[in-house]
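Trainee: I'd like to learn how to read strands and chain contacts in a model. Can you walk me through one?

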Protein chains: 2
Amino acid sequence: MPRHTVISADCHAGASYAHGGFLEYIDAPYRERARWEMERLTAEHEARSRLFAEEFMQAQDSTQAAMQGGRSGAWDPERRARELDADGIAAEVIFPDGSQNNAAPFQAAEGPGAVGADHALQSVGAWAYNRWLADFCATQSARHAGLIVITIHDVDEALAQIRWGADHGLRGVLLPAGVGDLPFYHHPRYAPLWALCEERGLPLHTHVGSATPDYGELPGSIPLFAYESLWFSHRPLWFLIWGGVFERHPGLRVVFAEQGADWVPGTLRILDAMYRGVFRHERKRLSLAPSEYWQRQCYVQAQFLGEGEIEMRHQIGVRNMLWGSDYPHYEGTWPRSKRAIQKNLAGIPEDEARAILCENAARVYEFDLGVLDPLGARIGPEF
Amino acid sequence: MPRHTVISADCHAGASYAHGGFLEYIDAPYRERARWEMERLTAEHEARSRLFAEEFMQAQDSTQAAMQGGRSGAWDPERRARELDADGIAAEVIFPDGSQNNAAPFQAAEGPGAVGADHALQSVGAWAYNRWLADFCATQSARHAGLIVITIHDVDEALAQIRWGADHGLRGVLLPAGVGDLPFYHHPRYAPLWALCEERGLPLHTHVGSATPDYGELPGSIPLFAYESLWFSHRPLWFLIWGGVFERHPGLRVVFAEQGADWVPGTLRILDAMYRGVFRHERKRLSLAPSEYWQRQCYVQAQFLGEGEIEMRHQIGVRNMLWGSDYPHYEGTWPRSKRAIQKNLAGIPEDEARAILCENAARVYEFDLGVLDPLGARIGPEF
């Protein structure tokens with residue numbers, strides 16, 4: 001049976017605070033502040049790990065056992081390359097991490113509404129993370145597409161971060177799914193940001209987990225966070241639609257990562273019904289129906305762990321779906337991605353599987369399949 | 001063909017500010033303040049009506065034409081009785097209004113997060129609205145089940161509002177779907193509220209439209225409000241589930257009003273998957289799956305204007321569905337409810353139609369079908 005080229009559109013990386021973290025990448029005036037911040041977080045880390053393990057990980061024992069030796073691939077490029085090979089992944093899109101005390105410094109990737117965040121320090125952290133990531137991706141640039149972390153409280157600053165990142169090989173932008181007290185994404189203050197991403201061909205991304213309110217430490221807070229963070233990650237979609245952003249920027253692309261895919265058809269159905277019904281006067285302003293903007297400009301990244309998402313592929317759009325392993329996180333398909341892919345995608349037509357597994361991602365992130373296919377033929381899943 | 005008894009579980013009432021509003025029901029020290037507030041709002045009303053008409057109502061011209069003579073049934077009980085008769089509605093559940101400059105005073109029904117709201121004044125307004133509504137419902141108590149407006153910034157105050165309302169014939173409680181800066185509904189501060197509603201047999205309600213953030217005055221703001229207000233109205237569901245409220249209060253019932261019904265199966269599917277999967281250790285705390293709490297304690301009120309909701313009735317639960325006309329609002333089925341019911345419900349088994357049209361509501365609100373069925377046999381829709 002042939003092997004398939006797989007691009008994982010959802011992986012994570014970040015330098016370990018316990019090993020010095022991002023210190024050398026942080027602007028000198030902030031380095032001391034960052035040092036004690038990282039030391040404090042490292043001290044707190046073990047306790048937090050235990051809580052996390054207790055709350056989340058009981059179902060994952062066998063997976064943890066399979067990852068003997070830890071998950072230092074989050075910052076060690078050589079280990080990462082070996083583990084991607086073993087997992088059948090030819091190339092990857094890299095989001096920030098944070099699961100191993102290795103987050104972008106100063107809560108840079110948590111958005112302007114993060115509890116305790118300082119906007120000015122977040123900017124410093126974003127620059128440090130982006131510099132670190134550019135170096136990290138340069139170790140194997142054909143294989144790694146890193147995303148630029150931006151701080152939207154200052155749009156000019158975000159534009160500078162994007163320009164620097166694109167000039168240094170990064171290939172997309174992480175858009176905070178939540179905006180805190182800032183205006184949401186239908187507001188014209190963000191127009192230069194959309195224009196720059198469109199011009200530079202950089203897809204925007206929202207990722208689960210950084211836009212929710214504070215649930216406190218109460219029984220139920222963790223499942224409430226887990227559940228609501230899905231919706232809060234979808235949320236920019238309808239702001240970009242109704243705000244006319246997709247209308248004015250037909251080349252802008254947005255990827256919705258690690259937030260399931262089964263929400264897409266129902267969401268588009270309601271939005272379309274509004275567009276064709278009570279809000280049909282909006283046609284004067286919006287030339288396409290919401291589902292048509294989706295089809296033209298949006299992508300959803302999924303692991304297809306839930307039932308039904310693959311069956312929904314024609315409603316979601318076969319050209320609008322990306323696969324992702326969530327490496328090196330516990331809760332994804334790694335280190336058993338090959339088996340997961342065989343189980344979920346082997347039953348569908350060959351051209352559709354290839355679109356979802358690599359062609360769509362190659363198109364969005366400008367991966368060179370001429371380079372990746374020989375690697376895929378050696379390491380990819382067989383079916 | 002026989003006529004069917006219909007209870008509308010979503011109607012609205014409120015005194016017109018242009019006719020003196022709730023003034024005589026407002027505590028004397030606040031009456032002058034209320035008077036100028038109502039005068040100001042009356043002056044602004046015409047401009048707002050025009051905007052509303054332009055944005056929302058283009059699709060509704062024929063409906064408006066059918067309502068010659070205005071919608072004074074919102075405060076005129078005799079006109080209301082005639083219009084309910086003509087529309088085939090034997091009994092109704094009454095929520096606050098606000099569509100005709102007749103909202104509960106001082107934004108009382110808009111929740112603690114309403115833009116510009118003053119919590120202390122909201123309490124004054126809630127008392128005034130509840131007193132007015134108790135008198136209004138007393139005009140035909142077999143036919144009108146009014147809901148108590150509560151102000152949750154002060155839980156003791158809310159308890160007093162509930163006790164007074166129940167003692168004066170009101171038959172349910174309107175729970176703000178949004179909490180502003182207060183803790184959400186998994187917090188123990190609300191425990192006395194759940195206990196009292198359970199003890200007095202008063203169903204809680206969330207209604208679309210009062211929990212959203214401020215979208216500003218930007219292109220797209222109105223469809224964004226319309227779309228997101230659906231989710232924000234669903235939101236208490238999972239807080240009450242994961243917060244253990246349904247577990248600790250098995251007699252508590254919650255009704256989700258005017259926010260569609262097609263969201264229910266998908267939402268329960270994800271919540272159940274969490275409960276059976278990664279959060280299965282929560283079974284120690286929660287003896288039922290989310291869908292089982294739903295089945296036991298929750299109701300969804302819908303107009304079945306969208307396609308597919310009736311087809312989903314076994315997933316939603318035939319015993320968990322209520323019908324509603326949204327009288328006297330433009331966007332519901334009034335004044336053509338009989339035709340809408342025939343179109344949507346005539347095709348399903350008789351016992352299921354009767355459950356949805358009146359039996360479920362009779363059970364939740366303690367309507368006496370022995371009294372209502374003779375009325376239904378005279379005025380109800382035939383099929």
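Mentor: Sure, and keep in mind that this model is predicted. Start with strand 1 (residues 7-13) of chain B, which pairs with strand 2 of chain B in the parallel sense over 5 bridges.

Trainee: Which residue stands opposite Ile7(B) in strand 2 of chain B?

Mentor: That's Ala91(B).

Trainee: How many bridges join strand 2 of chain B to strand 3 of chain B?

Mentor: There are 3 bridges, and these two strands run parallel; strand 3 covers residues 144-149. On that side, look for Ile94(B), which has Gly146(B) of strand 3 of chain B opposite.

Trainee: Is strand 2 of chain B buried or exposed?

Mentor: To judge that, count neighbours: a residue is buried if 20 or more other C-beta atoms lie within 10 Å of its own. In strand 2 (residues 91-96) of chain B, 6 of the 6 residues are buried, so the strand is largely enclosed by the rest of the structure.

Trainee: What kind of unit do strand 2, helix 4 and strand 3 of chain B make?

Mentor: Together they make a right-handed β-α-β unit, with helix 4 spanning residues 119-138.

Trainee: And how do I read the contacts between the chains?

Mentor: People often give the size of an interface as the accessible area lost when the parts come together. Here we'll go by residues: 33 of chain B are in contact with 34 of chain A.

Trainee: Which elements give two or more residues to chain B's side?

Mentor: Helix 7 (221-234), helix 8 (236-242) and helix 10 (263-276) of chain B. Helix 7 of chain B provides the largest share, 6 residues. Sorted by class, chain B's side has 18 nonpolar, 12 polar and 3 charged residues.

How values were computed:
Residues are numbered from 1 along each chain as its sequence is written. Chains are lettered from A and ligands numbered from 1 in the order in which they are written. This is a predicted model: local features need pLDDT of at least 70, side-chain atom pairs count only at pLDDT 80 or more; totals for chains, interfaces and linings use all residues. A residue is buried if 20 or more other C-beta atoms lie within 10 Å of its own, exposed if 12 or fewer, and partly exposed in between; C-beta atoms are placed from the backbone. Helices (H or I, at least four residues) and strands (E, at least two) are DSSP runs, numbered from the N terminus. Two strands pair if DSSP finds at least two bridges between them. A crossover is right-handed if, with the strands pointing away from the viewer, the path from the first strand over the helix to the second runs clockwise. Two residues are in contact if their C-beta atoms, placed from the backbone, lie within 7 Å. Ala, Val, Leu, Ile, Met, Phe, Trp, Tyr, Cys and Pro count as nonpolar, Asp, Glu, Lys and Arg as charged, and the others, Gly among them, as polar.
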